[in-house]
Structures are given as C-alpha cells and as structure tokens.
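Please find below a colleague's note on this model, set out as numbered points. The points move from single loop residues to strands, helices and side-chain packing.

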Amino acid sequence: MPLTIEILLQNHPALAACRDSIEAARELLIDTYRRGGKLLLCGNGGSCADCDHIAGELLKGFLSHRPLSEEDCIALADTLPDGEADPDLYLLAGQLQGGLPAISLPAQTAAVTAVSNDTDPALIFAQLVWALGQAGDTLVCLSTSGNSRNVVLAAKAAKAKGMTVLAMTGEHDSKLSELADVTVQVPATDTYRVQEYHLPVYHYLCAAVEEAFFG
C-alpha cells in the first residue's frame, strides 16, 4: 500500500498542522528531480544521521523495487565485453535499482574535517554546497531549532547558487524559515520530539517521490 499523506496524518495526527508545508515539500522535491536536479542534505547530530537516512531511501528502492527499464538493460549489455553472454549481466540488470541522486553532506568526512581545520568550522556545509550544488538542485536543511549556524550558512550559499531550499525544523519561526523556499515546522520544540516527527515526514516524502518516478 502506498504511503499517502492520509496515512501519515492518521499515524501522526499532530502533523495535520503541517499538511500544507509537507505537500509543498513533496512538490518541491518532485520538481527538483523532474528538472534534472539533485538533493544535498545537511544537519548536525541526530539530523546528520537523518541526512544519511534520507539519502539511503532515495539512492535505491525504498517501498518499491525500482527495476531497470528495458532500455537500461540493453545499455548494460551493449557496454559489457561479452554483451548478453557476459556473466555479470544477470546481476547488473536483475539487481540494480533505479536511483535518485541525493548527497548527505555530513558523510563527506574528509572534506568536512578539512574545511573545519583549514578555514572555519561554521563553513563545513556551505563549502560543500558551493562545490557540489548548482542551479536546479535543492538543499535539504534539517535543524531542530532552525538556527544552527553551519546549516544556515549552507542555506545562504545555496540561495546564492540558484538552488531551492527545503528546511525541516521545530515549530518556532527561525533563521531557516526566513531563508527557505519551504519549511516544515513540526509541532514540537524539544530536540528529540522534533526528530521523532521529522522521521515520518521524510519517510512520506521519500515514498511520494519514489511513487512519482517509479510507480
């Protein structure tokens, strides 16, 4: 059964207050991929782990298997030395899944530590946005307060690059809510409660994007 907005709100009734922003976030992400863009994600602590989690749901099958198209299978056969007789074709064509490009910026450990050591720790995400982002991409910013300085600076860099920004925060207005194109402000303020709400929201968003592109 698809993970619909109705199921999300049935399971988490308090998120009804965020329905419009969640639906706006869904459309923003779908539009990003339709125009050939990618997602960059940033956050600290538990939100850092959420960045990895979201990327993992998008880079391979989440709720659906996402089998390769016939055209993809033909392209694989055409590039293998033995063509259709290549023993690796069955593995590649049968087990590879359709993916949507998403990069968790905190996972770039070497670059993050280099920026922290060589310039300013507040720039760890902004530098990666500047290097990896381009117009048409979307930066997803996770911050329970909405005011994490390194995340806010990344959002400013993203806007300068012509990217869109999706923020996921707690319920209070924040620096991120001022900068972002869409902000999902979940109904909580305690860090752990905000993160508990963020997880079902991004599970829904990943499922909705997957449904849009892979059915």
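**Notes on the predicted model**

1. Arg-66 is found in the loop between α3 and α4 (70-79). The model is a predicted one, and the backbone of Arg-66 deserves a look in it: phi is near 55 degrees, a positive value in a residue other than glycine. Most residues other than glycine have a negative phi. Arg-66 is also buried, because its relative accessible area is 2%, against a cut-off of under 20%.

2. A second loop residue to inspect is Gly-98, placed between α5 (89-95) and β2 (102-104). With a relative accessibility of 12%, Gly-98 counts as buried. Its C-alpha atom is separated by 9.1 Å from that of Leu-58, although the two residues are 40 residues apart along the chain.

3. Strand β3 (residues 138-142) is mostly covered, with five of its five residues buried. Thr-138, Val-140 and Leu-142 point one way from the strand, while Leu-139 and Cys-141 point the other way. Both sets are buried.

4. What are the pairing partners of β3? One is strand β1 (residues 39-42), which pairs with β3 in the parallel sense over four bridges. Within this pairing, Val-140 of β3 is the bridge partner of Leu-41. Strand β4 (residues 164-169) also pairs with β3 in the parallel sense, here over five bridges, and Thr-164 in β4 stands opposite Thr-138. Between β3 and β4 the chain passes through helix α8 (residues 149-160), and this β-α-β crossover is right-handed.

5. Helix α2 (residues 19-34) has the length one would expect. At 1.5 Å a residue its 16 residues should span 22 Å, and the end C-alpha atoms are 23 Å apart, so the two values agree. The buried residues of α2 include Ile-22, Ala-25, Leu-28, Leu-29 and Ile-30, and also the polar or charged Ser-21, Arg-26 and Thr-32. After α2 comes Gly-36, whose phi is positive, near 85 degrees.

6. The structure holds one aromatic pair. The ring centres of Tyr-33 and Phe-213 are 6.1 Å apart and the planes are at 85 degrees, so the pair is edge-to-face; the cut-off for that class is over 60 degrees. Tyr-33 belongs to helix α2 and Phe-213 to helix α10 (residues 191-214), so the pair ties together parts that are 180 residues apart in sequence.

7. Are the two rings of this pair buried or partly exposed? Tyr-33 counts as buried, because its relative accessibility is 8%. Phe-213 counts as partly exposed, at 30% relative accessibility.

8. Another ring contact involves Trp-130: Lys-161 lies over the face of this residue, at 4.9 Å from the ring centre.

9. In soluble globular proteins, nonpolar side chains tend to be buried together. The largest nonpolar core here has 36 residues, and those touching the most other members are Leu-15, Ile-22, Leu-29, Leu-58, Val-184 and Val-201. At least two residues of this core come from each of α1 (5-11), α2, β1, α3 (46-59), β3, β4, β5 (182-185) and α10. Helix α10 gives the most, with nine residues.

Conventions
Residues are numbered from 1 along each chain as its sequence is written. This is a predicted model: local features need pLDDT of at least 70, side-chain atom pairs count only at pLDDT 80 or more; totals for chains, interfaces and linings use all residues. Side-chain values use heavy atoms; hydrogens and water are left out. Buried means under 20% relative accessible area, exposed over 50%, partly exposed in between (1.4 Å probe, protein chains only). Two strands pair if DSSP finds at least two bridges between them. A crossover is right-handed if, with the strands pointing away from the viewer, the path from the first strand over the helix to the second runs clockwise. The expected span of a helix is 1.5 Å times one less than its number of residues. Rings of Phe, Tyr and Trp (its six-membered ring) pair if their centres lie within 6.5 Å; planes under 30 degrees apart count as stacked, over 60 as edge-to-face and the rest as tilted. A charge sits over a ring if NZ of Lys or CZ of Arg is within 6 Å of the ring centre and within 35 degrees of the ring normal. A nonpolar core is a set of buried Ala, Val, Leu, Ile, Met, Phe, Trp, Tyr and Cys residues joined through side-chain atoms within 4.5 Å.
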